[in-house]
Amino acid sequence: MLLEKDENKIPRFSFRPFKIIENIQIASNTFLLVVESANSLDHFSAKPFNFFNIWVPRVDEIPLSIAYQNGKRLFFLYKLRGLGTKTLAQQKVGSFIGIKGPLGRGFEPKRSEKWLIVAGGIGIAPIPMLIKRALELDAKLDIFWGVRVSTEFFDIAKIFGLPNEAWSIVRVSEDCMADFCGLVIDAIRSVNVDKYDGIIAIGPQEMLKTFCKQYGESRENTYVSLETIVKCGMGICGSCYIRESEKLLCVDGPVFRCSEVAKQLEGASA
Ligand code: FES
């Protein structure tokens, strides 16, 4: 279910300094960033699918989904994609970085629900936080995680100390070195989606487009988590406008029903 907007009572829309505790490569092209606030964060806890803008000095700000929160520490998973993430990967442990958020609306299952999660590549980033919440809600998650090459996999249970209850994971790779050989969207074809209370996909836009075509037209509880440019994060600048809708990703998203983002996904190459 989509969570209420604006639940946190701290000033979320300005950058605050966080100290880098860890910034390490954990898989091919993929990094784990752990930062710690100088101040207590007791007055907020990030929700699954919230995201934060990370200020990369002298380059840009980049939105990253929260992967996990433990007290004053925030955890992010990111892939090297361009100058922003490459420069972020060079930031040293002990240095400070500006972070703005949490932004967006959270999204989580209701108590005791069962959800199918389809993650492509670094789309796995928000899932550790979702698992943590599922454990608290006695909900169940069946996760399918697809990558191009198996060296992109990493062990989310080990990294985040997640007990192996309440969730299962099927690994899918195009190099056939995993549980299923091929695309994640093909791996879920044999799954009976009707046994789930909802399904959600996170990953490259072309994958989301295919997912919504296959499942979004017949099922209302079919969701995708989108990415777009985020600047102000507070619904003013319009840079995160969802095409042909009245929605803004930074205040209404990043999770939307497939039916809400059909025009936005149409722009994706098939
Ligand atoms: S980022 Fe400015 S309106 Fe969403």
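Biologist: Let's start at one end of the sheet: how many bridges hold E10 and E11 together?
Modeller: Happy to, and please keep in mind that this is a predicted model. E10 and E11 run parallel to each other. The number of bridges in this pairing is two.

Biologist: Which residue of E11 faces valine 172?
Modeller: Valine 172 is a handy landmark, as it is also the bridge partner in E10 of glycine 146. Opposite valine 172, in E11, stands phenylalanine 180.

Biologist: And how many bridges join E9 to E10?
Modeller: These two strands are parallel as well. One bridge pair is glycine 146 with valine 172 of E10. The bridges between E9 and E10 number seven.

Biologist: Which strands lie at the edges of the sheet?
Modeller: The sheet is open, with seven strands and mixed pairing. Its order reads E11-E10-E9-E8-E12-E13-E14. An edge strand here pairs on one side only, and that describes E11 (180-181) and E14 (255-257).

Biologist: Which residue in E12 stands opposite leucine 116?
Modeller: E8 covers residues 114-120 and E12 covers residues 198-202. The two strands pair in the parallel sense over five bridges. Facing leucine 116 from E12 is isoleucine 199.

Biologist: What angle does helix H2 make with E9?
Modeller: H2, residues 127-137, packs on the sheet. The helix touches E8, E9 (140-147) and E10 (167-173). Between the directions of H2 and E9 the angle is about 165°.

Biologist: What about helix H5: which strands does H5 touch?
Modeller: H5 spans residues 205-216 and also packs on the sheet. Its direction makes about 170° with that of E13 (222-225), one of the strands in question. The strands touched by H5 are E8, E12 and E13.

Biologist: Let's zoom out. How far apart are the centres of the two domains?
Modeller: Domain 1 takes in residues 16-103, and domain 2 takes in 114-266. Taken over C-alpha atoms, their centres are separated by 20 Å.

Biologist: Which strand gives the most to the side of domain 1 that touches domain 2?
Modeller: The contact takes 21 residues from domain 1 and 22 residues from domain 2. E1 (16-27), E2 (30-37), E3 (51-56), E4 (60-65), E6 (73-79) and E7 (96-103) each supply at least two residues on the domain 1 side. With three residues, the top contributor is E6.

Biologist: One last thing: how many residues on that domain 1 side are nonpolar?
Modeller: Let's take the other classes beforehand. Five residues are polar and two are charged. The nonpolar count is 14.

Conventions
Residues numbered from 1 in each chain as written. Predicted model: local features only at pLDDT ≥ 70, side-chain atom pairs only at ≥ 80, totals over all residues. Pairing = 2+ DSSP bridges. Helix = DSSP H or I, 4+ residues; strand = E, 2+ residues; numbered from the N terminus. Contact = placed C-beta atoms within 7 Å. Axes fitted to C-alpha atoms, helices over the stretch in contact; angles between N-to-C directions. Domains from an automatic or database assignment. Nonpolar A, V, L, I, M, F, W, Y, C, P; charged D, E, K, R; others polar.
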